[in-house]
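Work through the exercises below with the sequence and the coordinates at hand. Each task is followed by a solution in steps.

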Amino acid sequence: MAHTVTSPIYVVQDNIDTDQIIPAQYLTLVPTIAEEYEKLGSYALIGLPDALYPERFVEDGKTQTQYKIVIAGRNFGCGSSREHAPIALGAAGVEAVVAESFARIFFRNCVATGEIYPYDTPVRLSDVLKTGDVATLDFDHDTLTANGQTYSLKPLGEVRPVIDAGGIFNFARESGMIPSR
Amino acid sequence: MILRPMTLTEKVLARASGKTHVQPGDNVWVNVDTLMTHDVCGPGTIGVFKREFGKDAKVWDRNKVVIIPDHYIFTADSMSNRNVDILRDFAREQGLPYFYDVIDDKDGHWTFDAARGPLARQYGSRYTGVCHTTLPWKGHTRPGEILFGTDSHTCMAGAFNQFATGIGNTDAGFILGTGKLLIKVPESMRFFLEGALPPGVMAKDVILHVIGEIGFDGATYKAMQWEGPGVHTMSMDDRMTIANMAIEAGGKNGIFPCDQKTLDYVRERVSENGTRSDFDPVELDREQSFSYDRVFDLSKLEPTVACHPDPGNRKLAKEMSHIGLDRAYIGSCTGGKTSDFLAFAEVVRGKTVKIDTFGVPATTKVVQELKDTVWNGQSVWQILESAGVRLTENASCAACLGGPVDTFGRLNQPMKCISATNRNFPGRMGNKESEVFLASPYTVAASALTGHITDPREFIS
Ligand code: SF4
């Protein structure tokens with residue numbers, strides 16, 4: 001398994017709530033139904049105001065984004081408890097969100113589903129980097145390198161093995177908390 | 001060893017995890033008393049449950065699962081209608097006693113008849129409306145217990161001295177199979193309320209003020225504990241409004257002490273509905289430790305508005321009169337209770353609203369109460385209608401979260417709306433270029449009359 005990912009990044013600012021990640025009218029899609037899961041990916045971040053974010057995160061007609069890493073400011077994922085939010089990002093092909101801070105339920109849903117790695121960054125990268133810059137995220141060393149600079153990220157700690165396993169069910173089975181199938 | 005005294009949240013979590021003591025940062029497995037889900041997250045939760053536990057799996061305890069279709073109900077959107085059908089199939093297959101279906105036919109399919117219009121009642125005898133307002137009405141919120149729900153405003157039930165918080169589908173699927181969840185004990189913050197609210201100021205103003213004070217992420221991961229003499233002057237509805245919005249400061253939960261008002265309210269509803277009556281409140285310890293501890297004097301508060309684009313963007317209503325409005329909206333779990341509509345009606349009674357004004361009662365019981373409450377020979381329902389409010393009998397979440405394009409009251413084009421709801425991030429009520437201003441029912445009513453943001457004290461003697 002590759003322990004790094006290199007990709008253009010998509011940069012957003014503070015308070016990107018779950019309505020901007022996946023607007024309410026798309027919540028009729030049920031993530032556990034395969035075609036609907038894929039559709040959720042095509043709508044990821046479609047709620048961002050166009051004036052502030054002229055670059056589309058997922059191009060029209062596509063289900064996958066070219067940006068596998070999202071860089072955010074404070075309180076990413078605030079708002080509702082909809083698991084559609086991390087799922088839409090994961091379904092679009094996002095591997096990690098690197099934010100100054102996360103809202104609690106979003107963070108927990110990232111871990112529970114194993115969809116994406118939610119990294120905290122001590123440096124406010126959303127002010128330093130811009131959409132389209134290419135970055136390498138190193139999961140072994142918890143660093144992000146972009147424009148010749150390497151930034152240390154806060155290690156994921158106890159939630160890391162849960163995401164590595166692919167979410168709480170896999171993790172609970174691997175560790176014997178619930179019976180394996 | 002001397003153990004530090006526990007906060008209310010710590011006490012509930014200790015009890016639910018079978019421990020004598022817990023402290024912030026501990027990860028504990030708690031036994032769940034109630035799991036609530038709805039039509040937006042229920043189908044996915046059921047999907048996770050079946051995928052992980054097998055298609056013939058049974059839920060851990062059918063008396064502890066509550067399913068409330070409430071979000072996308074009165075819409076012709078076929079996917080939304082299908083999702084309500086998924087809930088019905090599951091409730092039937094599992095034999096769930098607490099499924100508040102929109103239709104009475106257990107084998108039927110739900111469709112909304114758009115030709116009959118959005119205002120006239122289109123639901124059966126068991127339908128209730130918004131989940132968080134239904135839970136207390138139907139006797140599912142009880143002191144000392146643990147409630148999880150697949151909705152971020154599940155924290156509203158903290159008004160009843162219980163631990164209640166929102167979770168995602170995967171966690172909810174896990175609970176459906178096991179009845180347990182691993183959670184981290186949060187640090188607690190204390191908000192100590194003194195004094196009483198002055199005229200024209202409501203519980204909504206208290207929580208908007210506090211969120212403005214600590215910031216939209218000021219309580220992230222934390223429990224917001226409300227105490228003090230000011231708390232006991234408040235009705236259960238007021239406490240619900242406050243607990244509801246803990247999440248708008250990022251909080252994990254909000255929690256209140258249990259007093260006589262709590263006990264009277266809960267006892268009446270559990271006996272009406274035959275739900276569990278052997279609950280056991282958690283009491284306040286002296287010398288608890290908090291990561292934040294502040295006193296708020298209610299008598300100093302003024303009508304408050306959270307301006308676009310987030311619930312922490314606080315201003316006083318009186319400073320915002322330059323903001324012209326296109327629409328006013330009253331409804332939701334936070335602002336669509338009977339007491340909210342009565343406050344609204346006090347202001348608009350005998351007058352006419354100047355801008356499009358939509359009213360969506362949170363529950364079908366609120367609809368009934370507004371029709372049954374008579375002031376000077378006129379029902380409150382009639383008073384509101386004659387003031388020009390577009391009132392629907394179809395209690396639901398409606399435009400609080402936008403929803404499908406035919407949702408009643410949805411902002412389908414860029415506009416400025418003042419709303420008694422709880423969240424105003426871009427796009428929350430529909431169009432993503434719209435601006436939403438959150439305020440109390442009084443302030444929304446006064447602003448509906450003038451067409452700009454208005455301090456309601458201009459209308460309240
Ligand atoms: S009324 Fe609004 S805030 Fe309350 S549950 Fe419904 S959508 Fe959520």
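The exercises concern a predicted model and deal with the contact between chain A and chain B, then with one residue of chain B.

**Exercise 1.** Determine how many residues each chain gives to the contact, and what area is buried between chain A and chain B.

Solution. Start with the residue count: chain A contributes 45 residues and chain B contributes 52 residues. Next, take the area buried between the two chains, which is about 3800 Å². Carbon and sulfur atoms give 53% of that area.

**Exercise 2.** List the polar and charged pairings across the interface of chain A and chain B, and find which elements of chain A take part.

Solution. The salt-bridge rule finds seven cases across the interface. One of them joins the side chains of A:Asp50 and B:Lys432, with an N to O distance of 3.0 Å. For polar contacts, 22 residue pairs are found, with both residues at pLDDT 80 or more. On the side of chain A that touches chain B, the elements giving two or more residues are α1 (18-21), α4 (104-113) and α7 (168-174). Of these, α4(A) gives the most, with seven residues. Sorted by class, this side of chain A holds 19 nonpolar, 14 polar and twelve charged residues.

**Exercise 3.** Locate B:Thr150 and decide whether B:Thr150 is buried or exposed.

Solution. B:Thr150 sits in the loop between β4 (146-149) and β5 (163-166) of chain B. Its relative accessible area is 1%. The cut-off for buried is under 20%, so B:Thr150 counts as buried. Leaving out residues up to four places away in sequence, B:Thr150 touches A:Ser81 as well as residues of chain B, including B:Met36, B:His38, B:Cys41 and B:Ile167.

Definitions and conventions: Residues are numbered from 1 along each chain as its sequence is written. Chains are lettered from A and ligands numbered from 1 in the order in which they are written. This is a predicted model: local features need pLDDT of at least 70, side-chain atom pairs count only at pLDDT 80 or more; totals for chains, interfaces and linings use all residues. Side-chain values use heavy atoms; hydrogens and water are left out. Contact means heavy atoms within 4.5 Å. Buried area is the accessible area (1.4 Å probe) that two parts lose on being put together, summed over both. A salt bridge is a side-chain nitrogen of Lys or Arg within 4 Å of a carboxyl oxygen of Asp or Glu. A polar contact is a pair of N or O atoms within 3.5 Å; within protein, one must be able to donate a hydrogen and the other to accept it, and residues adjacent in sequence count only if both atoms are side-chain atoms. Helices (H or I, at least four residues) and strands (E, at least two) are DSSP runs, numbered from the N terminus. Ala, Val, Leu, Ile, Met, Phe, Trp, Tyr, Cys and Pro count as nonpolar, Asp, Glu, Lys and Arg as charged, and the others, Gly among them, as polar. Buried means under 20% relative accessible area, exposed over 50%, partly exposed in between (1.4 Å probe, protein chains only).
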